[in-house]
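User: Could you walk me through this model? I would like to start with the overall picture and then look at the details.

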Amino acid sequence: MKKRVVLMILCFLLAVPAFSAAQQPADDSTVPDKADILKFLDMMHAKAQMAQVLEGMAKQMRLGAQQGFKQKVPDATPEQLAKVDQLFDGIFKSLPMDEMLDAIVPIYQKHLTKADLAAITAFYSSPTGQKLLKEMPAIMSEAMQAGGEIGRRAMATRSQELDQKIAELVKEAKGN
């Protein structure tokens with residue numbers, strides 16, 4: 001589960017700058033320095049964005065777990081639901097953010113040239129880029145809420161279908 005979450009975070013971090021970058025392999029002579037990439041990630045507030053994404057994911061996981069618990073225990077008490085919530089408190093707090101950022105550096109170096117990084121940095125330093133950076137947390141939060149709700153509904157429907165099919169298989173097995 002943690003690997004899937006880390007992969008999603010890394011994909012998110014790589015996708016944001018890709019909106020304004022050409023995806024061509026970097027020539028060795030123009031590979032951006034690690035320091036330049038880390039400076040860029042700092043300008044992008046990468047740690048804060050990762051933390052927000054993780055918190056949003058934890059919130060969606062809590063909501064999904066609560067709904068699942070309520071399906072199994074329809075008259076769940078607030079105390080029981082609080083215990084379910086506690087399972088997800090701090091679930092992502094122990095992830096090593098600096099290590100994750102260090103792991104991203106070679107990926108940027110593989111795909112971007114110094115010129116690409118300079119152009120992307122120029123964009124994010126512009127008023128429009130700064131507005132995007134400022135609005136990105138709200139955009140991501142709202143997108144996660146919308147996607148989380150759709151995902152929970154889809155999973156609930158799929159779960160019911162699977163339960164029904166398993167019940168049919170059990171009946172078949174007992175009938176033979």
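The questions and answers below go from the fold to the core and the salt bridges.

User: Glad to have you here! How many helices and strands does the chain have?

Analyst: Happy to help; do keep in mind that this is a predicted model. From the N terminus on, the elements run α-α-α-α-α-α-α. The count is therefore seven helices and zero strands.

User: Which element has the lowest mean pLDDT in the chain?

Analyst: The chain as a whole has a mean pLDDT of 80, with 83% of its residues at 70 or more. Among its elements, H6 has the highest mean, 94. Over residues 1-8 the pLDDT is below 50, and this stretch has ten contacts beyond near neighbours in sequence. The element with the lowest mean, 47, is helix H1 (residues 2-18).

User: Which helix gives the most residues to the largest nonpolar core?

Analyst: This core has 27 residues, of which Phe40, Leu41, Phe92, Tyr108 and Tyr124 touch the most other members. Two or more residues come from each of helices H2, H3, H5, H6 and H7. The helix that gives the most, with seven residues, is H3.

User: What share of the contacts between residues at least 6 apart in sequence joins residues at least 24 apart?

Analyst: One pair that links distant parts of the chain is lysine 47 in helix H3 and aspartate 98 in helix H5, 51 residues apart. For contacts in the chain between residues at least 6 apart, the share joining residues at least 24 apart is 87%.

User: How far apart are the N and O atoms in the salt bridge of lysine 47 and aspartate 98?

Analyst: Side chains of opposite charge can pair when their charged atoms come close. Lysine 47 is partly exposed, with a relative accessible area of 40%, and aspartate 98 is partly exposed too, at 46%. Their side chains meet with an N to O distance of 2.5 Å.

User: Is arginine 152 buried or exposed, given its salt bridge with glutamate 149?

Analyst: The two side chains meet at 2.9 Å, N to O, and both residues lie in helix H7, about one turn apart. Glutamate 149 has a relative accessible area of 31%, which makes it partly exposed. Arginine 152 has 15%, and because the cut-off is under 20%, it counts as buried.

User: Which residues are linked with Glu149 in a network of salt bridges?

Analyst: The structure holds six salt bridges. One of them joins glutamate 161 and arginine 158, at 3.1 Å between the closest N and O atoms. In the network, the residues linked with Glu149 are Arg152 and Arg153.

Methods
Residues numbered from 1 in each chain as written. Heavy atoms only, no water. Core = buried A, V, L, I, M, F, W, Y, C linked by side-chain atoms within 4.5 Å. Buried < 20%, exposed > 50% of the residue type's maximum accessible area, 1.4 Å probe, protein only. Helix = DSSP H or I, 4+ residues; strand = E, 2+ residues; numbered from the N terminus. pLDDT = per-residue confidence, 0-100. Contact = heavy atoms within 4.5 Å. Salt bridge = Lys/Arg side-chain N within 4 Å of Asp/Glu carboxyl O.
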